[in-house]
Amino acid sequence: MSTEESTAFFNPYAEVRTSKANLPHWRQDNVTYFVTFRLADAVPRKKWEQWKVELDAWTRRHPEPWDDKTWTECHALFSVRVQEYLDSRQGSCMLAIRQVGTIVDEALLYFANTRYELGAYVVAANHVHAVVLPHEGWELSDILHSWKSFSAKAINSVEAASRRLNRFRNSRSSGTSTVWQKESYDHIIRNARSLYRIEQYIKRHPDYRD
């Protein structure tokens, strides 16, 4: 799914469904998303709360609906910063364990071509990026939940992952034993140019696995 012909982009004339937890989420039918989900320990709680305060203040100054310029500004101010932080390999980074990374690969590929089209993706040390186009009848939130739920159960059974998570939790006095952060980052890909940039960003990630 790397060409414009096989990818559905954001339609400014179609209905947009919005929701917000810590992050804004836009939904349209038959569109392709760039999604990022991360390990629960990849970003310290205080830093995440600081970013949330800043994002909330920014969104109050920029009420939805957003045009492309506003969306681009939001992405530059917040999404890029989060991605750069994740790329610095913070937290336990247990996805770098080859067995654990393979579990996530299998979760992403399991329903590919049946529930969704899966484009470029990468399993990095503490997060996952993916380009995904849900099939009709399947919501992105359900797809993300299935990826996390399936992989978390399998990861928890990997002894090396448990040892690494426990060492990190003890060294940082962190109480979390959850594998994934509950909320994921996602946005609708705007056009072929944006898709190309995302694909190149994904391809530039090195192989983190031990």
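Phe150 is partly exposed in this predicted model, with a relative accessibility of 42%. Its partner across the fold is Tyr110, an exposed residue with a relative accessible area of 60%. The ring centres of Tyr110 and Phe150 lie 6.4 Å apart and their planes meet at 20 degrees, so this pair is stacked, the angle being under the 30 degrees that the term requires. Because Tyr110 belongs to helix H3 (residues 98-110) whereas Phe150 belongs to helix H4, the pair ties together parts that are 40 residues apart in sequence.

Tyr110 also pairs with Phe111, but here the arrangement is edge-to-face, with 4.7 Å from centre to centre and 90 degrees between the planes. Phe111 itself is partly exposed, at 24% relative accessibility, and the face of its ring is covered by Arg115, which lies 3.5 Å from the ring centre. Across the whole structure the search finds five aromatic pairs, and ring pairs also link Phe37, Tyr116, Trp147 and Trp180 into a cluster.

Trp147 leads back to helix H4, where this residue is among the buried ones. Helix H4 comprises the 16 residues 140-155, and at 1.5 Å a residue it should span 22 Å; the C-alpha atoms at its ends are indeed 22 Å apart, so the expected and the modelled lengths agree. The buried residues of H4 are Leu140, Ile143, Leu144, Trp147, Lys148, Ser151, Ala152 and Ile155, a list that includes a lysine and a serine. Viewed down the helix axis, these buried residues fall within an arc of 150 degrees, and therefore they line one face of H4. The face turned away from this buried side carries the exposed residues His145 and Lys153.

Beyond H4, the chain continues to helix H5 (residues 159-172), which holds both Arg163 and Glu159. Side chains of opposite charge can pair when their charged atoms come close. Arg163 and Glu159 form a salt bridge in which the closest N and O atoms are 3.2 Å apart, a separation that satisfies the 4 Å limit for such a contact. The two residues are four positions apart in the sequence, about one turn of the helix. Glu159 is exposed, with a relative accessible area of 56%, while Arg163 is partly exposed, with a relative accessible area of 42%. By the rule applied here, the count of salt bridges comes to one.

Definitions and conventions. Residues numbered from 1 in each chain as written. Predicted model: local features only at pLDDT ≥ 70, side-chain atom pairs only at ≥ 80, totals over all residues. Heavy atoms only, no water. Expected span 1.5 Å × (residues − 1). Buried < 20%, exposed > 50% of the residue type's maximum accessible area, 1.4 Å probe, protein only. Arc of directions from axis to C-beta. Salt bridge = Lys/Arg side-chain N within 4 Å of Asp/Glu carboxyl O. Phe/Tyr/Trp six-rings, centres within 6.5 Å; stacked < 30°, edge-to-face > 60°. Lys NZ or Arg CZ within 6 Å of the ring centre and 35° of its normal.
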